[in-house]
Amino acid sequence: MVDAPRFPYPGSPPVHGPDDLYATPPPWDIGRPQPVFVTLAEGGAIRGRVLDCGCGTGEHVLLAAGLGLDATGVDLAATALRIAEQKARDRGLTARFLHHDARRLAELGERFDTVLDCGLFHIFDPDDRAAYVDGLRAVLVPGGRYLMLGFSDRQPGDWGPHRLTRDEITTAFHDGWTIDSLESATLEVTLDPAGMRAWQLAATRT
């Protein structure tokens, strides 16, 4: 996550800034990688230098590190980053966690082969979304891939973050990208054993 979210979830504590999100474990922090990303890792889609945007407590960064990859996570929630660093120590893994705004990725001054995004893209308004995608282009090498899991407009109810439409995703990645796949998926959460309906995107920077 980058900003304090503009949405509540059932039972959520008051949120005034990014660190408040982790005062108690939020529903997206399931204590393990999302199965979608495990499948991608097993298929070899996560490779090279890896950046996880909005990494939270670091499960997907550590998934990449466990593959022997150079793995970095960025987030604005310092509490989450401290938890991630402790996980890395406990698991004997080498990974890097940076307190950084994902809307300003170019300021990292680095290039990556794979960017992961679990539950970040869907919190942005259109202006922030455009800035974020510009940053993705800046940090991904040509031929690098962006792998995203985000809340879907097919999810019923009215709580939670913005529900992404297929058109919003394809519009955001129409210039300088090839959309390799855009499929329905499930985002696991602690609030519902059935999970939440999501979009799974794989896009290549051209």
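**Fold and cores of a predicted chain**

Reader: Before I set anything up, how many residue contacts here are long in sequence: among contacts between residues at least 6 apart, what share joins residues at least 24 apart?

Author: Keep in mind that this is a predicted model. Contact means heavy atoms within 4.5 Å. Among the contacts between residues at least 6 apart in the protein chain, the share joining residues at least 24 apart is 67%.

Reader: What radius of gyration does the protein chain have, against the rule for a compact globule?

Author: The C-alpha atoms fill a box of roughly 45 × 40 × 30 Å along the principal axes. With 206 residues, a compact globule would come out near 17 Å, so the chain agrees with that rule at 16 Å.

Reader: Which element gives the largest share of the largest nonpolar core?

Author: That core has 30 residues, and Phe37, Phe97 and Leu187 are among those with the most contacts inside it. Helix 1 (35-42), helix 3 (78-91) and strand 5 (140-151) are among the elements that each supply at least two residues. The largest share, five residues, comes from helix 2.

Reader: And which residues of helix 1 (35-42) does Leu147 touch, leaving aside neighbours within four places in sequence?

Author: Leu147 is itself one of the residues with the most contacts inside the core. Its partners beyond those neighbours include Thr114, Val115, Leu201 and Ala202. Helix 1 spans 35-42, and the partners in that range are Phe37 and Leu40.

Reader: How far apart are the mean positions of the positive and negative charges?

Author: The protein chain carries 20 positive and 29 negative charges. Their mean positions are apart by 3 Å.

Technical notes:
Residues are numbered from 1 along each chain as its sequence is written. This is a predicted model: local features need pLDDT of at least 70, side-chain atom pairs count only at pLDDT 80 or more; totals for chains, interfaces and linings use all residues. Side-chain values use heavy atoms; hydrogens and water are left out. The radius of gyration is taken over C-alpha atoms; the globule rule is 2.2 Å times the number of residues to the power 0.38. Lys and Arg count as positive and Asp and Glu as negative; His and the chain ends are not counted. The place of a charge is taken as NZ of Lys, CZ of Arg, CG of Asp or CD of Glu. A nonpolar core is a set of buried Ala, Val, Leu, Ile, Met, Phe, Trp, Tyr and Cys residues joined through side-chain atoms within 4.5 Å. Buried means under 20% relative accessible area, exposed over 50%, partly exposed in between (1.4 Å probe, protein chains only). Helices (H or I, at least four residues) and strands (E, at least two) are DSSP runs, numbered from the N terminus.
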